[in-house]
Amino acid sequence: MTSSQTGPRRLSRPTLAVVAAAAVLMPPSGAVALTAAETGGMDAAYIVQSSFDERPTGPFVHGTDGWNVDVSAGNAVEVVSVPSAEDHSLRISRAAGTGSGGSALAREFEAPLTGTVGVSARVMRSDSEAGFFGLPYVYDEAGQPAVSVALARGDIVAYEGTTLRTIGQYEPGRWYDIDLTVDTDAQTFDLAIDGEAVFTDATPRTPLTGISRIAWYANGGERGSVHVDDIAIYRPGLLVDESFDALPTGALADGTNGWGVVATGNAVDVVAVPSESDKSVRLTRTTTNGGTAGTSLSRTFDAPVQGLVTIEAEVMRDDDQAGWFGLPYVYNASGQPAVSVAFARGDIVAYEGSTSRTVGTYERGRWYQVAVTIDTVNQRFDLEVDGEPLLTGATFRNELPGIARVAWYANGGERGAVYVDDVRIARGVQGEASEVVHIDEAFDAQTEPPNFGFPQGARVADGVLRVTEDMDHYTTSVSRFDAAVRDQRTLDLSFDWKTDIASTGMKTGLELRGADDNLVFALAATGAEMRYGVTGPASDSSAAPDSLNPAWTKIAFDRTKWYTVDLHMDFTVGTVQYTIATREASPRVMASGTGKIAATNLDRLVACNYYGVGPQSVDNVLLRRPAHVADGILQGKRVYAFGDSIVAGHKYSRGFVDLVAEREGITVSKHARNGATVMNAGFPAGTVIQQVRAASATSPDLVVFDGGTNDIEAITTAGHKVGTVSSGFDPAGFDSGTYAGALEATVHEMRSKWPNAPIVYVAVHKLGSRDWDTQLAVREVTLQVAEKWGLTYADVFAGSTLDTRDDVHRAAYTFDDLLGGFPGTNGSGTHPNIEGMTRFFVPVLTEALVDVVRSDAGGGD
């Protein structure tokens, strides 16, 4: 990436895309372009659905149902009763070499399709000529073929990049399902035939920034025929995509584009707001009519939608009454609200469980993007407004096994109006991954299977799991994880632990092992020592003799206390990152580090009575696959890290960049310094650009830096200026005496020194230790610089909930001094402690690095 490239890298997961073409098919004259009116607002986000069953047999006329048909003398495109009189298909026949566009059925798009697009159809050949038929071809905005799949002379062929590959054979008279998933952002595609993957993340023949045309055809000297049926062009995972722009202004009728509308005595209208070309729906409530439904715009799903679902809409209020409008409410199949977000009397309100909370305020006349991400598996939801997280992992008002209905509405005595626009309902987190919770057990009741799967020496009692009770010396009890856990390459595990062992000559503990019998992590205690280990002999866990003990690290501890163990296990890289801390209001870290492991998965939890009598208690077991995992893609990468103490590590050498590096097998050259600034504020630690200049000229794979925390202090207390972003890329135009100019100069230095290294800027958390207005001003300029220079923005500020203006967050997640060699708690709000780094910084940076590496590789996951 050069300095002239603009636009920040978005933290989105690469998806799928396109292949290429064998022959160039030019659009026929008189082509029918698909307009917004024909594509917008369809349920299940289908852009095109054609079965041809309702069309009479005979010639298929150009323009029917929005289809382009090119056919010349001696050729045919016609509806036929194949497979049956009730199940029609379209037959494309070519017997003569006439017609500039060949014999073709095509769909054209006035506004090229971008993003992820699915294309599917059933095709069948039963002719003897067996000429080359494109089934289908996908074209870029210039009319060049970017994806090509064809049936010809007994073979199924497709282009991968510029190479034509034979990917299978077809039998005459047999139907085949051909499915493409095209991603114009990732510039890749997937191809499946009869549900079997053929290409994954394949490269298009030509760059494909937008899909202008999709065709099933033959041209030139090719001869023969093909049947095409059940064509679908759609947005994968997108259930609703409605802009309202193609609808006429006026009352919105119930059932239009699949919308449920209740307007009894009130009004639900399509209006030219914000403009004639960008319409919205206005709900106006002036009477109490409408019953429970009130005045509403809603979407109902006959089969409730399960899993991970994102609901987005733009909303705006500009009325005097300011009554309570649900924007949106999400309902279960029993009609109970599970998620409730509302704009009322100047406040943005949402339910967290059964509690109504004010989570923000709104301004009259301003549009807001409201996004709710719902997880019906883990019974949680997130709420964002204009990209800012307001609730994370919140509980539902009522159980939500599946989403049956989503509504934007007001009822009862509420009065006022609201505008709703650009509604999208999609499966999955758009642009993100989600965590998968495998176990979340608090032992408040008996488990299934009983006693957490331990066959002996275990019982659930008094809200905890008791293990190694009444077990003989050197014996074990084994609880095995299910196949879904064993299949995971990356897992996070946390649990609380306490020992009742009293004698220094006795020892009991827990071991985590893989299916290959290798150790993942072990924890044990005698009466005087806590012991932990990540290496040691392999064991089948049938017994716990001294010879199979892990290699222990021994530390003094208070056996009357509970301890919390946090583990991050990466079986691709072969690492386990661990922290053991006291479970109390101000936790003390007892041990923290990262070890190399040989285990290839997580198979079992083993309760070990190494010797003596020593029951153990376990509580609050949480085992999950984290949302953003690298799965080895970062292993071996070299990173240069610059910035201030948050990167360097305040009084503790392991900062958040180190934690990510340890986990992922990254080599880090860390140049950050405590107290450093972006601009020259006269601080003894100097500036980030000085760090860059002092670093090796050898290019790293990635550059990571932060900055601004100490600049905020200099701006607030010493009169330094935030400044503005320059209009060009010439350093002569940078005002380096300001934060903005110095930041641009720093990025320019990085770009000049390592032109091929992607740059990741880390925006730190919301700081209780700095002036808030100055934080916002510096953030705005930093975002502008990232946009201009094409930086990846790892946004802890907006992408996590860490906010040390909240005294609870400040005390729990930041530190000023070390305690026993590790970061403590109850800090000033600036420097994250180990839990603060692990919970908030590490996931955001990991996501950013993975996104960059995958984007540069041109691949997905």
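Here is a short chat about reading a few features of this predicted model.

Student: Let's start with a helix. What span should helix α7 have, and what are its end C-alpha atoms apart?

Tutor: Count 1.5 Å a residue: the 15 residues of α7 (residues 739-753) should span 21 Å, and the end C-alpha atoms are 21 Å apart, so the two agree.

Student: How many of the residues of α7 are buried?

Tutor: Buried means under 20% relative accessible area. In α7, 11 of the 15 residues pass that test, so the helix is mostly covered. Among them are Y739, L743, V747 and M750, and the charged E744 and R751 are on the list too.

Student: What covers those buried residues?

Tutor: The cover includes helices α5 (688-694), α6 (709-718) and α8 (772-789), along with strands β48 (638-642), β50 (702-705) and β51 (759-763).

Student: On to a single side chain. Where is S800, and is it buried or exposed?

Tutor: S800 lies in the loop between α9 (796-799) and α10 (807-813). Its relative accessibility is 8%, so S800 counts as buried.

Student: Which backbone atoms does the side chain of S800 reach?

Tutor: Look both ways along the chain. A polar atom of the S800 side chain lies 2.8 Å from the backbone oxygen of V796, and the side chain also reaches the backbone nitrogen of L802 at 3.4 Å. Leaving aside neighbours within four places in sequence, S800 is in contact with P389, K766, D795 and F840.

Student: Now a buried charge. Which side chain of opposite charge is nearest to D619?

Tutor: That's R583, 4.2 Å away. A salt bridge needs the charged atoms within 4 Å, so D619 is buried without one. D619 sits in strand β47 (residues 616-625). Its contacts beyond four places in sequence include R583, E441, D496 and W562.

Student: Backbone oddities next. Which peptide bonds are cis?

Tutor: Check omega before proline. The bond from V82 to P83 is cis, with omega near 10°, and the one from E448 to P449 is cis, with omega near 5°. P83 lies in the loop between β5 (76-80) and β6 (89-94), while P449 lies in the loop between β34 (436-441) and β35 (459-461).

Student: And where is phi positive in a residue other than glycine?

Tutor: N826 has phi near 60°, and it lies in the loop between β54 (822-823) and α11 (834-857). D230 has a positive phi of about 50°, but D230 lies in strand β17 (residues 224-234).

Definitions and conventions
Residues are numbered from 1 along each chain as its sequence is written. This is a predicted model: local features need pLDDT of at least 70, side-chain atom pairs count only at pLDDT 80 or more; totals for chains, interfaces and linings use all residues. Side-chain values use heavy atoms; hydrogens and water are left out. Helices (H or I, at least four residues) and strands (E, at least two) are DSSP runs, numbered from the N terminus. Buried means under 20% relative accessible area, exposed over 50%, partly exposed in between (1.4 Å probe, protein chains only). A polar contact is a pair of N or O atoms within 3.5 Å; within protein, one must be able to donate a hydrogen and the other to accept it, and residues adjacent in sequence count only if both atoms are side-chain atoms. Contact means heavy atoms within 4.5 Å. The expected span of a helix is 1.5 Å times one less than its number of residues.
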